[in-house]
Structure formats: structure tokens, C-alpha cells
Amino acid sequence: MASVKHLISDTTVDVNGLMKLMSSLSPTQKIHVKRLKSDFEAAVQSYGNLQKFLISKTSRPKRRNPFDEFDERRTSSDRQLLLEEEQLQRQKQVEVLRQVQADVEILANRQEIVQELERNVVDINDIMKQLANMVTEQGESINAIENNVESTVVNISSGTEELRKASSYQRTRRRCTIFLLLVAMSALLVLAIVLYIELR
């Protein structure tokens, strides 16, 4: 009985722990946990009833045997009846003990199920934390990429502006070069004409 009480106490703590984690469970897991709790409470109630029955059977004062005073008058049939009654009582006690053992095994199995569910919930919690960390890291990477894209856009804009300036400078230089060539050709043409006139 002491070991069963200890088992019931441990299982109650586990069930209460599961009930506290109900918000993080899926709907299916919530149904399983509620069913497990109700089955556990029913088993505890059944065990309590059996325990009361055993206590009532063992605490009854031993009835005074009416045949003690009249040993010499006992017949073999009376003795047979007494033996059969004792045997029936023993069989009932054995059946009650077997029922208690079966209930203890059921409680132990249910405790294992509760512990397995608790481990699964802890694993799910760890997975959710890892996912949250991954999302945070990816968010930081996305922010870095966004900053790089923005700086690239700024650099492209400034590069385009520089190219426009260079193109404008190149056009101005070409015009100056053409103008200087025209001036030089004009000067050569005038010089040639002057030389031609003088030599003639």
C-alpha cells in the first residue's frame, strides 16, 4: 500500500505537470491528456474503494466461534462448513489482492504514458525554441541583405551620376579638340594661301 501511495503521488504530480502544459499542446494531445487524467482519477477512486474494503475486512473483530465451547459436539459436517467458509474468505482476499495488483500495474503503465507525454512535450518545446532561434537568425540575415541592397542601390546611383559627368566631360573635350583642329586647319589654310600668293 505504501508503494502504491507513492506511485499515486508521483503520477498525480506528473498529471498536474501535464495539465499546466495544456496551452502548448495540440488539440489531439489535449484530448489524450484529459482522458488520461479522468482514467487516472477513476483508477485512484477504485483503489481507494478496494483499500476501504480490505481495511473493513481486516479490522473486523474476530467473531467468537460458537463451536469453541462445544468442541466435543462438533460434527464433521460443521467442520467442513467452517473450512469452506474460511476458504471462501481466503479466495475473496486473494481476488481483492489480485485486483489491487492489477490496478497498481495499470497505474504504473499510465505513469509511464504520462512521463512519455511529458518528454514529448519537452521535445516539442525544444524544437519550437530552435525554430524561434532559426527565425531570428534568418531575420538578421535578411536585414543584412536588405542593408547591402540599399547600399548597392546608393552606389549604383552615384556611379551612374559619375558616368554622366564623365560622358559630359568627354563630349566637351571632343568639342574642344574639334574646335582646335578646325582652328589649326584654318590657320594652315590661311598660311598656305599667303605662301601661294607670295610665291606667285
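# Notebook: a three-helix chain

**Entry 1. V100.** I began with V100 and set aside its neighbours within four places in sequence; V100 is then in contact with Y47, L50 and L54. I note that the model is a predicted one, and that every value in these entries is to be read in that light.

**Entry 2. The core around it.** I next looked up the nonpolar core to which V100 belongs. The largest nonpolar core has 19 residues. V100 is listed among the residues with the most contacts inside this core, together with L18, V33 and L107. I then asked which elements give two or more residues to this core. They are α1 (2–20), α2 (27–59) and α3 (76–199). The greatest contribution comes from α2, which supplies seven residues.

**Entry 3. The chain as a whole.** I turned to the overall arrangement. I found three helices and zero strands in the protein chain, and the order along the sequence reads α-α-α. How much of the chain is buried? Of the 200 residues, 14% are buried. The accessible surface amounts to about 16,300 Å², and carbon and sulfur atoms hold 59% of this surface. I also looked up how far apart in sequence the contacting residues lie. Among the contacts with a separation of 6 or more, 77% are between residues 24 or more positions apart.

**Entry 4. Confidence.** I looked up the pLDDT before going further. Its mean over the protein chain is 77, and 86% of the residues reach 70 or more. Of the elements, α3 has the highest mean pLDDT, 82, and α1 has the lowest, 74. I marked residues 66–74 separately, as the pLDDT over this stretch is below 50. Beyond near neighbours in sequence, the stretch 66–74 has eight contacts in the model.

**Entry 5. L117.** I looked up L117, which is found in helix α3. Is L117 buried or exposed? L117 counts as buried because its relative accessibility is 17%, and the cut-off for buried is under 20%. With its neighbours within four places in sequence left aside, L117 is in contact with L18, V33 and L36. Two of these names, L18 and V33, I had already met among the core residues with the most contacts. I also recorded the separation of L117 from D14: the two are 103 residues apart in sequence, whereas their C-alpha atoms are 9.7 Å apart in space.

**Entry 6. Q111.** I then looked up Q111, also placed in helix α3. Its relative accessibility is 11%, so Q111 counts as buried. Which residues does Q111 contact, leaving aside its neighbours within four places in sequence? They are L7, D10, T11 and D14. D14 thus returns here as a contact of Q111, after its appearance in the distance to L117.

**Entry 7. Salt bridges.** How many salt bridges does the structure hold? I found two.

- E116 and R119 join their side chains in a salt bridge, at 2.7 Å from N to O. Both residues lie in helix α3, three residues apart, about one turn of the helix. E116 is partly exposed, with a relative accessible area of 38%. R119 is likewise partly exposed, at 46%.
- R164 pairs with E161, and the closest N and O atoms of this salt bridge are 3.9 Å apart. These two residues also lie in helix α3, three residues apart, about one turn of the helix. Why does R164 count as exposed? R164 counts as exposed because its relative accessibility is 56%, and the cut-off for exposed is over 50%. E161, at 37% relative accessibility, counts as partly exposed.

**Entry 8. A nonpolar patch on the surface.** I closed with the surface. I124, I127, M128, L131 and M134 make a nonpolar surface patch of about 450 Å². I took one of these residues, I127, for a further look; its place is in helix α3. Its relative accessible area of 47% makes I127 partly exposed.

**Entry 9. Looking back.** I return to helix α3 for a summary. Helix α3 is one of the elements that give two or more residues to the core. The buried residue Q111 lies in this helix, and so does L117. Helix α3 also holds the pair E116 and R119, the pair R164 and E161, and the patch residue I127.

Conventions: Residues numbered from 1 in each chain as written. Predicted model: local features only at pLDDT ≥ 70, side-chain atom pairs only at ≥ 80, totals over all residues. Heavy atoms only, no water. Core = buried A, V, L, I, M, F, W, Y, C linked by side-chain atoms within 4.5 Å. Buried < 20%, exposed > 50% of the residue type's maximum accessible area, 1.4 Å probe, protein only. Helix = DSSP H or I, 4+ residues; strand = E, 2+ residues; numbered from the N terminus. Contact = heavy atoms within 4.5 Å. Areas by Shrake-Rupley, 256 points an atom, 1.4 Å probe, with all protein chains shown as cover. pLDDT = per-residue confidence, 0-100. Patch = residues over 30% accessible without salt bridge, like charges linked within 9 Å, V, L, I, M, F, W, Y side chains within 5 Å. Salt bridge = Lys/Arg side-chain N within 4 Å of Asp/Glu carboxyl O.
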